[in-house]
Amino acid sequence: MAAPSVRTFTRADILNANALVDAKNDVEAPFLMIIDNKVYDVREFIPDHPGGSVILTHVGKDGTDVFETFHPEAAWETLANFYVGDIAESDRAIKNDDFATEVRKLRNLFQSMGYYDSSKAYYAFKVTFNLSLWAISTAIVAKWGQTSTLANVISAAILGVFWQQCGWLAHDFLHHQVFQDRFWGDMFGAFLGGVCQGFSSSWWKDKHNTHHAAPNVHGEDPDIDTHPLLTWSEHALEMFTDVPDEELARMWSRFMVLNQTWFYFPILSFARLSWCLQSIRFVMPNGQAHKPSGARVPISLVEQLSLAMHWTWYLAIMFLFIKDPVNIAIYFLVSQAVCGNLLALVFSLNHNGMPVISKEEAVDMDFFTKQIITGRDVHPGLFANWFTGGLNYQIEHHLFPSMPRHNFSKIQPAVASLCKKYNVTYHTTGMIDGTAEVFARLNEVSKAASKMGKAK
């Protein structure tokens with residue numbers, strides 16, 4: 001294919017390109033985005049993009065800050081291969097937003113202070129400690145699995161904690177907080193996230209990186225796309241009227257939304273199993289058929305094998321050491337429910353109950369403000385830091401995603417002070433109060449749905 005000619009673009013040209021992308025069957029439409037007033041067509045790069053199809057969240061938009069936040073310096077060389085032109089002088093964005101400028105300066109300051117350098121000893125301890133949880137869980141079920149239901153419940157609960165903590169460690173490695181060499185980050189991520197936890201790295205990157213690029217943006221953030229099981233904003237209630245010829249589906253949707261505070265913990269109990277099944281589907285042939293043809297991520301054999309290894313050892317433990325069908329079912333359900341609730345409780349604390357913004361609002365908001373006002377920090381402490389995997393510093397993590405978690409406490413005062421200076425809402429609370437805020441938001445949406453029903 002001949003290299004595209006270099007030209008001058010207006011922002012209207014970029015928006016028009018985005019409209020073509022929305023027509024998912026258009027295999028020739030360019031995927032144009034703006035980075036530092038230059039225009040790049042990234043269509044051919046998407047299958048090779050290490051972060052997955054998150055890149056699509058900024059097609060037709062200015063992706064300067066999100067690019068600089070997520071990528072090392074070497075990525076600029078790769079990006080240059082897809083350069084197709086410049087934004088017209090009269091249409092250029094000038095980085096004159098004082099708040100965003102100061103956040104960029106903070107990032108440079110933190111890099112110079114070594115806060116992006118990880119402690120290998122810290123992560124060696126975390127991985128070793130976590131694997132010891134698996135060993136303890138397995139030892140209990142191996143010794144008493146055929147004689148004690150209580151032992152099976154205890155073993156399964158410990159396994160659930162092991163899985164939760166594997167999730168946080170895989171998160172760190174796949175965000176490349178630990179190694180500068182991304183190969184090793186991906187390998188540890190595949191082991192902890194795939195073999196140990198049962199989550200596909202590619203599925204996780206595709207989902208999680210998109211969340212980072214568009215946190216709590218309705219219609220873009222997959223983490224809040226959980227209607228009708230859990231509905232986080234009035235925006236999603238519009239879906240009540242999306243199926244006018246499917247009365248049963250509408251009744252089911254309405255029932256779930258009206259009662260979602262009661263179903264919250266039962267739903268979370270199956271969250272991990274749902275994510276595992278989504279991972280399996282993602283790595284299967286045609287598992288990404290729902291995505292635009294240019295946005296499908298190639299899946300390696302290593303990743304497929306990592307999921308196969310996970311289910312091999314998990315099922316082997318149950319059928320070798322327990323054998324009794326009733327106790328196998330108990331072990332399976334307890335391990336899934338414990339991990340599902342522990343993972344999802346932290347996810348909910350991170351963003352749920354915080355403002356949900358529309359796509360239009362997101363376009364008019366700078367990248368950094370969007371990260372801050374949609375996040376919730378949880379007061380630090382020995383238990384909170386361990387339980388949440390450092391994600392209690394959610395705002396700091398979203399601003400500086402490749403910074404190791406053990407350095408967040410050092411930068412939190414500077415971030416909070418900067419937000420105060422510019423009157424940007426910086427929300428921090430305790431774990432119990434934060435969970436209460438989550439329930440309050442669910443209840444608000446339920447009431448709004450009830451009013452909608454009465455108005456019809």
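**Figure 1. Glycine 193 and its contacts in this predicted model.** Leaving aside neighbours within four places in sequence, glycine 193 is in contact with Ala170, Phe188, Gly198 and Phe199. Helix H7, which runs over residues 182-196, is where glycine 193 lies. Its relative accessible area is 7%, so glycine 193 is buried, the cut-off being under 20%. For a distance to try in your viewer, take the C-alpha atoms of glycine 193 and isoleucine 140: they are separated by 23 Å, with the two positions 53 residues apart along the chain.

**Figure 2. Leucine 192 and the largest nonpolar core.** Which residues have the most contacts inside the largest nonpolar core? They are Phe162, Leu192, Tyr264, Trp313, Tyr314 and Tyr331, in a core of 51 residues. Helix H6 (residues 149-174) gives the largest share of this core, with eleven residues. Another core lies apart from it and has 27 residues, among them Phe99, Val103, Leu106 and Tyr426. Turning to leucine 192 itself, and setting aside neighbours within four places in sequence, we find contacts with Val127, Cys166, Leu169, Ala170, Phe173 and Gln197.

**Figure 3. Glutamine 371 in helix H15.** Is glutamine 371 buried or exposed? It counts as buried because its relative accessibility is 1%, and the cut-off is under 20%. The helix in view, H15, covers residues 367-373. Not counting residues up to four places away in sequence, glutamine 371 touches His212, Ala213, Pro215, His398 and Leu399.

**Figure 4. Aspartate 366 in the loop before H15.** Aspartate 366 is found in the loop between helix H14 (359-363) and H15. With a relative accessible area of 21%, aspartate 366 is partly exposed. Its contacts, not counting residues up to four places away in sequence, are with Asp97, Phe99 and Ala100. How far apart are the C-alpha atoms of aspartate 366 and phenylalanine 99? They are separated by 9.2 Å, although the two residues are 267 residues apart along the chain. Phe99 also belongs to the core of 27 residues.

**Figure 5. The cis peptide bond at proline 228.** Histidine 227 and proline 228 are joined by a cis peptide bond, with omega at about 10°. Proline 228 has its place in the loop between helix H8 (201-213) and helix H9 (247-258).

**Figure 6. Lysine 323 and asparagine 423, each with a positive phi.** Lysine 323 is not a glycine, yet its phi is positive, at about 75°. The loop that holds lysine 323 is between helix H12 (301-321) and helix H13 (325-351). Asparagine 423 is not a glycine either, and its positive phi is about 60°. Look for asparagine 423 in the loop between helix H18 (408-421) and strand E6 (428-429). The relative accessible area of asparagine 423 is 71%, so this residue is exposed, the cut-off being over 50%.

**Figure 7. Methionine 284 in the loop between H11 and H12.** The place of methionine 284 is in the loop that follows helix H11 (271-283) and leads to H12. Methionine 284 counts as partly exposed, with 47% relative accessibility. Between its C-alpha atom and that of isoleucine 299, 15 residues apart along the chain, the separation is 8.4 Å.

**Figure 8. Threonine 78 in helix H3.** Helix H3 spans residues 75-80 and contains threonine 78. Threonine 78 has a relative accessible area of 34% and is partly exposed. The C-alpha atoms of threonine 78 and threonine 57 are 19 Å apart, for residues that are 21 residues apart along the chain.

**Figure 9. The chain behind the close-ups: 19 helices and six strands.** Why does the radius of gyration agree with a compact globule? A globule of 456 residues would have a value near 23 Å, and the chain has 23 Å. Its C-alpha trace spans about 75 × 60 × 50 Å along the principal axes. Of the 456 residues, 51% are buried. Among contacts between residues at least 6 apart in sequence, 74% join residues at least 24 apart. The chain exposes about 21,200 Å², and carbon and sulfur atoms supply 63% of that area. As for charge, the mean positions of the 36 positive and 45 negative charges are 6 Å apart.

Conventions:
Residues numbered from 1 in each chain as written. Predicted model: local features only at pLDDT ≥ 70, side-chain atom pairs only at ≥ 80, totals over all residues. Heavy atoms only, no water. Core = buried A, V, L, I, M, F, W, Y, C linked by side-chain atoms within 4.5 Å. Buried < 20%, exposed > 50% of the residue type's maximum accessible area, 1.4 Å probe, protein only. Helix = DSSP H or I, 4+ residues; strand = E, 2+ residues; numbered from the N terminus. Contact = heavy atoms within 4.5 Å. Rg over C-alpha atoms; globule rule 2.2 N^0.38 Å. Areas by Shrake-Rupley, 256 points an atom, 1.4 Å probe, with all protein chains shown as cover. Lys, Arg positive; Asp, Glu negative; His and termini not counted. Charge placed at Lys NZ, Arg CZ, Asp CG, Glu CD.
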